[in-house]
Amino acid sequence: MFCRALYLALLGLSLTSFTAQAVPLQGGRSPRVAFGNAAATDTQFVTATVGATQIPPPGNGQLQRLQRRQNRGNNGGNNGNGRGNGGNNGNNGNNGNNGNNGNNGNNGNNGNNGNNGNNGGGNDVDPQVSLTLDPAVIAPGFANDGQDVPVAGQVASLTSTNNFINFCLLSDLPLTNGQQITGGSCNPAPIGLIPSINNMPSSKFVNPPNLSTLKADTPFNVEMNIANMQTGFFVNAQKNYFAAPQVLNADGQIQGHSHVVIEKITSLQQTQPTDPRVFAFFKGLNAAAAGGKLTAAVTAGLPVGVYRLSSINTSTNHQPVIVPVAQHGSLDDAIYFTITADGNPAPAAGGANAAAGAGANAAAAGGANAAAAGGNAAGQANLAAQ
């Protein structure tokens, strides 16, 4: 009995030595006690009673310091979460040290920027707007000066390992830049697409007839047949001159247009080269050919004289047409005609023309007969040899 009483007395003494009373939270929620850096979404403080002594809650200064210390961990995690993959480590807890790992997220961002840099390097850039030469279009043959098989009088070619992309830096001339620069320029645009030998263009004048005579100051039409070229394509000659490569249509034909130019010469026997700066008539044939024929009206006619009529077949941007081989027939045509006051051939010109025609016929006939005779003789020789 005595022992039981002693046990109860000791138990009561221990209970009175330490008593903790929780202060209910506002809103009826259960109380929580936050110690150190333990995680708690709602941080409140309770009053603890030890014996008869009551410990007050922390003051405002202590509360702010404690909240700042807890927030350091939260902010570290949140910042880390927003700054890259490494920052996710900062979200693992409210521990500020873990939040510091979020700084590694900056490096993660830098890595992402590095990926953007790769994109800037051309991985996904349209090659037609890129300022970088694609290795796939470098022509290795441009590095050969051609002298590995020398020919008498042959000069070495200029060479390049980058397709001459900076060639115009070698000259003091201005860039052509789409302009018709009369003092000379350097044009950086490539030649472009070249047709097959089966699609090389050709033209032939229909009117005026070659060596014909027309009446002075009387309107007439220039008519020209053209083949293997899709006409009707031209650009602004003041803004886009030579400013783009030659292109082909779906059939492999050059897209472009033609021009006719009439130059006055001294006579049909003139051998002195003409001055390209001087001409009597010039017309761009910008319309598409009708039935394979292009037409230009010389509305005021021409004064008395002797003339040469020539064609200039060009690509869309006015550059002369380019074809695949060096040995080919003329891509343009040229004829000669005379203008007189009444439209009748002048006696001297008529006689000269008649004589020239007779001589040509005689020469042709003689040549043909000689060739036939030679062929017959060769045939007889072959028979004799058998």
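The exercises below concern a predicted model of one protein.

**Exercise 1. Confidence**

Find what the average pLDDT of the protein is, and which stretches stay under 50.

Solution. Start with the whole chain: the average pLDDT is 75, and 58% of the residues score at least 70. Next, look along the sequence. Residues 15-63 have a pLDDT under 50, yet the model gives this stretch 47 contacts beyond four places in sequence. Residues 368-386 also have a pLDDT below 50, with zero contacts beyond near neighbours in sequence. Where pLDDT is low, predicted coordinates should not be read in detail.

**Exercise 2. Overall make-up**

State how many helices and strands the protein has, and what part of its residues is buried.

Solution. Count the elements: there are five helices and twelve strands. Then turn to burial: 21% of the 386 residues count as buried. The exposed surface comes to about 25000 Å², of which carbon and sulfur atoms supply 55%. Last, take the contacts with a separation of 6 or more: 65% of them are between residues 24 or more positions apart.

**Exercise 3. The disulfide**

Locate any disulfide, give its handedness and say which parts of the chain the pair ties together.

Solution. A search of the whole structure returns one disulfide. Its partners are Cys 168 and Cys 186, with an S to S distance of 2.0 Å. The angle about the S-S bond is -85°, and the link is left-handed. Both cysteines lie in the loop between helix H4 (104-123) and strand S4 (202-207), so the pair ties together parts that are 18 residues apart in sequence. To judge burial, apply the cut-off of under 20% relative accessible area. Cys 168 has 14% relative accessibility and therefore counts as buried. Cys 186, at 8%, is buried as well.

**Exercise 4. The largest nonpolar core**

Identify which residues of the largest nonpolar core touch the most other members, and which strand gives the largest share.

Solution. The core has 26 residues, and those touching the most other members are Phe 220, Val 222, Val 260, Ile 262, Leu 302, Leu 309 and Phe 337. Now assign the core to elements: two or more residues come from each of the strands S6 (220-227), S8 (254-265), S9 (281-285), S10 (293-298), S11 (305-315) and S12 (334-340). S6 gives the largest share, four residues. Finally, follow one member outward. Beyond its neighbours within four places in sequence, Val 222 is in contact with residues including Phe 205, Pro 208, Val 260, Ile 262, Leu 294, Val 298 and Leu 309. Nonpolar side chains tend to be buried together in soluble globular proteins.

Methods:
Residues are numbered from 1 along each chain as its sequence is written. This is a predicted model: local features need pLDDT of at least 70, side-chain atom pairs count only at pLDDT 80 or more; totals for chains, interfaces and linings use all residues. Side-chain values use heavy atoms; hydrogens and water are left out. A disulfide is a pair of cysteine sulfur atoms within 2.5 Å. Buried means under 20% relative accessible area, exposed over 50%, partly exposed in between (1.4 Å probe, protein chains only). Contact means heavy atoms within 4.5 Å. Accessible areas come from the Shrake-Rupley method with a 1.4 Å probe; for residues, only the protein chains shown count as cover. A nonpolar core is a set of buried Ala, Val, Leu, Ile, Met, Phe, Trp, Tyr and Cys residues joined through side-chain atoms within 4.5 Å. pLDDT is the predictor's confidence in each residue, from 0 to 100.
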